[in-house]
Amino acid sequence: MDTQATSTIEDVTAGLGATGYVAARPIALALWLAERLAKPILVEGPAGVGKTELARAIAAWRGLPLHRLQCHEGLDETRALYEWKYGKQLLYTQILKDRIGPLLGDAPGLAPALAKLDGFSDLFFSEAFLEPRPLLAALREPAGCVLLIDEVDKADEAFEAFLLELLADHAVTIPEIGTIRAAVPPIVLLTSNGVRELGDALKRRCLHLHIGLPAPALEARIVAARLPGIAAVLLRQVVLFVQGLRKLDLKKQPSISETIDWARALTLLHTESLDPDLVRETLNLLLKHEADIAAAAPELAGLAFKAKRDAEGGMPLPA
């Protein structure tokens, strides 16, 4: 992990907060421990709760480059770790072809000629022809970096197994070259949305962190950090409305990212207070499925009225 380890959990919270990322104590504690235990963090939770944003915030706070690998079905090491520069190899092959006569002209037989060519085949699979992908690029960062392996649950089990060496040893093995080890181990975050169950071997190598949907008080802090100019009354109404919306039977509950988008849209519309018509017009920013929009429609007026009443009542938001 990063050599500039923070002294306290509060330092982590403050450092992330300086980038606009409001970290609950479990998040700060996980990062603080990961630094000292030299372990990756497996961050699980529903989409939109800030898993990917956490990696960006760490990189911004520490002043480190961020390398991101977006996982998907069929991902393999040629897309994640390295590939060979085939165009350059072809060019050098052509050069060798043009010079092969003079090179082999003094060879007394086939065996000596092949021995001369062996050196050229090794050259084609050397560092000069290697094209690093996110994993290898992260290991080669001389001062360390943040490595984000995003949505690892979308990759195949074979790729998950491939990651084990990197997660345990901060190293990867390339058959033609050998083992490449990080001079400064990266800060590694893996994210999962729960598409499939991850293997025990991967989980054992990681600290586990679950980020769920935030409580009202925390959600208000997060929105305020991203939209510092939002009016306090509108902020409370937005948070209370979204919290009420999440209690409905929906296919996909709105996450914190949707709350931020909706609050930003309302400020652009110069909204001072929620009203049912405006909520209905902008509901597609909160709900991404038409069935959810239809299911929520009968409840909008009541939710908007309750959010407005409770916000104006001045009661503290539940923590």
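**Figure 1. Strand S1 pairs with strand S9 in this predicted model.** S1 spans residues 41-44. Four bridges join S1 to S9. The two strands run parallel. Within this pair, Ile 41 stands opposite Leu 207 of S9. Farther along, Val 43 has Leu 209 as its bridge partner in S9.

**Figure 2. Strand S1 also pairs with strand S8.** Four bridges link S1 and S8, and the pairing is again parallel. Val 43 takes part here too: its bridge partner in S8 is Thr 191. Val 43 therefore has a bridge partner in S8 and one in S9, Leu 209.

**Figure 3. Five strands make up an open sheet.** Their order is S2-S5-S8-S1-S9, with parallel pairing. S2 (66-70) and S9 (207-210) stand at the edges. Each edge strand has a single partner strand, so one of its sides is left without a neighbour in the sheet. On average, neighbouring strands are turned by 20 degrees against each other, direction ignored.

**Figure 4. Both faces of strand S1 are covered.** Ile 41 and Val 43 lie on one side of the strand. Leu 42 and Glu 44 lie on the other. All four residues are buried.

**Figure 5. Helices H2 and H3 meet the strands of the sheet.** H2 covers residues 25-37 and packs on the sheet. H2 touches S1, S8 (187-192) and S9. The direction of H2 makes about 165 degrees with that of S9. H3, residues 51-62, lies across S1, S2, S5 (146-150), S8 and S9. H3 runs at about 165 degrees to S8.

**Figure 6. Helix H1 packs against helix H3.** The angle between the two helices is about 95 degrees, and their axes are 9 Å apart. That makes H1 roughly perpendicular to H3. H1 contributes Asp 11, Val 12, Gly 15 and Leu 16 to the contact. H3 contributes Leu 54, Ala 57, Ile 58 and Trp 61. By class, the contact has six nonpolar residues, one polar and one charged.

**Figure 7. Thr 19 sits in the loop between helices H1 and H2.** H1 spans residues 9-17. Thr 19 has a relative accessible area of 33%, so Thr 19 is partly exposed. The side chain of Thr 19 reaches the backbone oxygen of Leu 16 at 2.7 Å. Leaving aside residues up to four places away in sequence, Thr 19 touches Ala 57, Ala 60 and Trp 61. Thr 19 and Ala 60 are 41 residues apart in sequence. In space, their C-alpha atoms are 6.7 Å apart.

**Figure 8. Thr 282 belongs to helix H14.** H14 covers residues 276-282. Thr 282 counts as buried because its relative accessibility is 8%, under the 20% cut-off. A polar atom of the Thr 282 side chain lies 2.8 Å from the backbone oxygen of Leu 278. Thr 282 also touches Trp 262, Leu 266 and Leu 269, with residues up to four places away in sequence not counted.

Methods: Residues are numbered from 1 along each chain as its sequence is written. This is a predicted model: local features need pLDDT of at least 70, side-chain atom pairs count only at pLDDT 80 or more; totals for chains, interfaces and linings use all residues. Side-chain values use heavy atoms; hydrogens and water are left out. Two strands pair if DSSP finds at least two bridges between them. Axes are lines fitted to C-alpha atoms, for helices over the stretch in contact, and angles run from 0 to 180 degrees between N-to-C directions. Contact means heavy atoms within 4.5 Å. Buried means under 20% relative accessible area, exposed over 50%, partly exposed in between (1.4 Å probe, protein chains only). A polar contact is a pair of N or O atoms within 3.5 Å; within protein, one must be able to donate a hydrogen and the other to accept it, and residues adjacent in sequence count only if both atoms are side-chain atoms. Angles under 35 degrees count as roughly parallel, over 145 as roughly antiparallel, 65 to 115 as roughly perpendicular and the rest as oblique. Ala, Val, Leu, Ile, Met, Phe, Trp, Tyr, Cys and Pro count as nonpolar, Asp, Glu, Lys and Arg as charged, and the others, Gly among them, as polar.
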